[in-house]
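Student: Could you take a close look at the strand pairing for me? I'd like to know who sits across from whom, and what the surroundings look like.

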Amino acid sequence: MASHHRSTSTSEPRCSDGEPEPALETARRQLDRAAQRLDIDETILERLKRPKKVHEVTVPLERDDGSVDVFTGYRAQHDSVRGPYKGGLRYHPDVTRDECVGLAMWMTWKCAVMDLPFGGAKGGIIVDPKSLSDDERERLTRRFTQEIREVIGPNADIPAPDMGTDPETMAWLMDAYSMQEGETTPGVVTGKPPSVGGSYGREEAPGRSVAIVTRETLDYYDHPIEETTVAVQGFGSVGANAARLLDEWGASVVAVSDVNGAVYDPDGIDVAAIPSHDEEPEAVTGVTRGTRLSNDDLLELDVDVLVPAAVGNVITEENADAVRADVVVEGANGPTTFGGDAILAKRGVPVIPDILANAGGVTVSYFEWLQDINRRKWSLERVQEELETEMVAAWNGVREEVERRDVPWRDAAYAVALSRITEAHEMRGLWP
Ligand code: NAD
């Protein structure tokens, strides 16, 4: 496949202890790098490097045995120049203030690349959700909602599910908020179950957008989808939905994996027959046909398209040279490190960035919010049609920048996002 790439000299950022750089540092470096290519006002750039506000709250929880534990929660609000803050809430022991800020920045770019009227936010609680009973998770969620109630709302900041949270968590959040406000307010949160204002098609949306973007990219590089082989790392919400759609559209998915390892069959895998992580965790390793591989081996398969859709930082300076796929489509958030990205760019391997490829999730969250504030439910068919339209429009916007600036796809996506955000800042001016 042909490519539109330019080499870069960026090396992978590392902390002094050799660990990969935290999300905030990576997000700031990516912003700096993108800003160098664009003529961005220095003061606007300085503002975009920082969050507008970060809320830190203490969340006491009465355990089932009557004892009380105290947790820390955050809500980082990065930029709201284009609309209310939007972003996930994660329950994870490794949640930090800075991680929330870095992830909030990515949400700002993701919403802008999709031209959604939202800014970026992220939040969470430092807790291992597996250590809590269902009742404890519910009480923790309700108390956390109360602690951040004054800074969220359908016109202010709209959380969504993320690691360790799910539609049920969002239903509790919506209920806690509504009880305190005295009115049912479904638009305060997205990713809810459809019975309480959630949207049909929200769960499969990030995987669907990965598939749409892959299809458009193949078409752009004149590669018929029927002759395409695909390897997908991670068979969860994103990976399984992307794999199944690509299979349905004629591609041959030759490798899939979960946390325990990968299965590879050059004749193609019947991905519709494998339960996803949510349907049956670790079902991939139960597949009887094909060859067993490690997750690292999967990344190096000679396929047309590689979709890393499990976790971050899997394509690095160490293995980017060994990646043999013609195109990488990022299903997970941040699967390619700075250094890995630079090597792929040098080798002319197009990498379709996460902020575009998996943005179907926040796009259908936007549809959910529209349905909530208008009190009007959309059919699944409408959700899918509108998502298709939005994804193709966003992909085309990024493609135009790739062609106009002769830059990699990630830089082009940042160019689209940043020009929209900086233009909004310039038009609104500085208050007072
Ligand atoms: P998930 O929990 O549904 O599935 C994750 C899958 O990855 C599972 O099959 C799991 O076994 C596998 N996995 C976990 N650790 C692994 C490892 N170290 N190596 C290989 N496989 C591993 O998660 P998901 O919702 O599909 O999210 C996957 C990625 O996509 C994450 O980076 C997430 O942030 C991102 N994402 C998710 C959404 C969403 O709404 N679900 C939206 C945008 C981006």
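Tutor: Two strands pair if DSSP finds at least two bridges between them, with strands (E, at least two residues) and helices (H or I, at least four) being DSSP runs numbered from the N terminus. The model is predicted, so local features need pLDDT of at least 70 and side-chain atom pairs 80 or more, while totals for chains, interfaces and linings use all residues. Residues are numbered from 1 along each chain as its sequence is written, and side-chain values use heavy atoms, leaving out hydrogens and water.

Start with β1 (residues 53-62) and β2 (residues 68-79): they run antiparallel, joined by 10 bridges. If you want a spot to click on, E56 faces Y74 in β2. The two strands make a hairpin with 5 residues between them, and in that turn G66 has a positive phi of about 95°.

Now the open sheet. Its 7 strands come in the order β9-β8-β7-β6-β10-β11-β12, and the pairing is mixed. The edges belong to β9 (291-293) and β12 (351-352); each has a single partner strand, so one side of each has no neighbour in the sheet. Look at β9 from its partner's side: strand β8 (residues 261-264) pairs with β9 in the antiparallel sense over 3 bridges, and Y264 stands opposite T291 in β9.

Further along that order, β6 pairs with β7 (residues 252-258) over 4 bridges, this time in the parallel sense. Here V232 is opposite V256 in β7. Strand β6 (residues 229-233) has 4 of its 5 residues buried (under 20% relative accessible area, 1.4 Å probe, protein chains only; exposed is over 50%, partly exposed in between), so it is largely enclosed by the rest of the structure.

Then there are a few backbone oddities away from the strands. D115 is in the loop between α3 (97-113) and β4 (119-126); it isn't a glycine, yet its phi is positive, about 60°. At 45% relative accessible area, D115 is partly exposed. R375, in the loop between α11 and α12 (380-405), has a positive phi too, about 50°, again without being a glycine. R375 counts as exposed, at 58% relative accessibility.

While you're there, I373 is part of helix α11 (residues 360-374) and is partly exposed at 42%. Its C-alpha atom is 30 Å from that of H92, with 281 residues separating the two along the chain.

Lastly, check the segment after α13, where you'll find P432: the peptide bond from W431 to P432 is cis, with omega near 0°.
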